[in-house]
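Visitor: Please take one helix of this model and go through it closely. I would like to know how it is placed and what surrounds it.

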Amino acid sequence: MEQRHLGRTGLRVSRIGLGTLTWGRDTDEHDAADMLKAFWEAGGTLVDTADVYGDGEAEYLLGRLIDGLVPRRDLVISTKAGSVPDPDRRVDGSRGHLLAALDASLARLGTDHVDVWHVHVYDPATPLEETLQALDLAVSSGRARYAGVSNFCGWQLAKAATWQLAAPGARTRLAGTQVEYSLLQRGVEREVLPAALDLGVGLLPSSPLGRGVLTGKYRHTTPADSRGASEHLAPFVEPYLDDTATRIVDAVTTAADGLAVTPLQVALAWVRDRPGVAAPVVGARNAQQLTAALSVEALSLPDEICRALDDVSAPVHRYPDHDWSTL
């Protein structure tokens with residue numbers, strides 16, 4: 001698998017990442033082992049997790065599989081901290097919480113460092129410089145090799161990345177930002193993507209298949225074994241089952257038929273090759289789904305297909321997000 005630099009750093013990652021959102025909950029150890037091995041054998045390196053996935057079970061499961069199944073040195077492990085399962089305070093970006101969460105992640109993963117450590121979400125109740133200092137301490141102590149953020153909007157990313165660049169050598173630059181990005185969710189193109197490109201931060205798109213909708217599986221019905229039929233994930237899928245999404249999925253399906261490939265391959269290739277993208281993170285539930293995603297490696301979409309998909313899925317960009325001279 002082709003390797004790409006994560007942002008303006010020396011870290012190289014596989015251009016498809018393996019997500020573990022369902023590990024320890026909907027994906028058991030057997031399926032997780034099959035996926036990790038298939039991913040590694042295909043040349044994949046980037047494995048993404050978070051301390052809240054499965055209430056810690058995803059990290060614990062990944063830790064059990066490292067070395068016994070796949071050498072730790074062959075993986076780029078990314079995890080996140082700052083999202084908390086507390087209905088009264090859903091985010092905690094304080095230095096104390098973040099560093100304690102990192103130590104707990106390392107214990108579950110059974111490793112002395114993670115390759116990329118992300119702040120999971122912006123915390124408006126904590127000074128940003130305090131949150132970012134946790135990243136600096138993690139890198140300077142060797143517990144994390146690189147640092148990033150996740151789910152930051154455009155101004156939050158720009159402020160964080162600029163703060164880190166203001167003291168080179170003393171602060172660690174942001175390597176990546178993980179945000180939802182797909183043909184069904186192009187909101188990041190308004191401000192997040194321009195900020196990332198300008199400041200050298202690599203994009204790690206989550207839900208690159210539109211929460212599974214871009215595979216076409218929901219065109220006529222909701223499969224019984226799908227996330228859309230899952231009690232705890234159905235609300236996650238439902239926003240992408242509207243008329244706008246239907247038009248986009250139909251266009252993806254038409255493109256796939258013309259290229260003799262699958263809608264999944266078309267949708268994933270589109271986001272993988274967008275400017276600024278380092279690696280879409282695919283959250284497969286089993287090895288069969290992952291194998292289908294990995295098969296996109298040999299596919300590059302023709303320019304005319306990309307333009308057609310761009311047109312049908314184009315978000316509305318108006319002042320001041322759009323170039324004023326064209327309004």
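Guide: What follows is a look at one helix, its two faces, its surroundings and its ends. The model is predicted, and the values below are computed from it.

Helix α1 covers residues 29-41, which makes 13 residues. From its first C-alpha to its last it reaches 18 Å, close to the 18 Å expected at 1.5 Å a residue.

The buried residues of α1 are A32, A33, M35, L36 and F39. Viewed down the axis of α1, these buried residues fall within an arc of 165°, so they line one face of the helix. The general background is that an α-helix has 3.6 residues a turn, so residues three or four places apart point the same way. On the other side of α1, H30 and E41 are exposed; here exposed stands for over 50% relative accessible area, and buried for under 20%.

Several elements contribute to the cover over the buried residues of α1. Among them are the strands β2 (12-14), β3 (17-19) and β4 (46-48). The helices α2 (57-65) and α10 (287-294) are also included in that cover.

The two ends can be taken in turn. At the N-terminal end, D28 caps α1. A side-chain oxygen of D28 lies 3.2 Å from the backbone nitrogen of H30, and H30 is also one of the exposed residues named above. Beyond the other end, α1 is followed by G43, which has a positive phi, near 95°.

Key. Residues are numbered from 1 along each chain as its sequence is written. This is a predicted model: local features need pLDDT of at least 70, side-chain atom pairs count only at pLDDT 80 or more; totals for chains, interfaces and linings use all residues. Side-chain values use heavy atoms; hydrogens and water are left out. Helices (H or I, at least four residues) and strands (E, at least two) are DSSP runs, numbered from the N terminus. The expected span of a helix is 1.5 Å times one less than its number of residues. Buried means under 20% relative accessible area, exposed over 50%, partly exposed in between (1.4 Å probe, protein chains only). The arc is that of the directions from the helix axis to the C-beta atoms. Contact means heavy atoms within 4.5 Å. A polar contact is a pair of N or O atoms within 3.5 Å; within protein, one must be able to donate a hydrogen and the other to accept it, and residues adjacent in sequence count only if both atoms are side-chain atoms.
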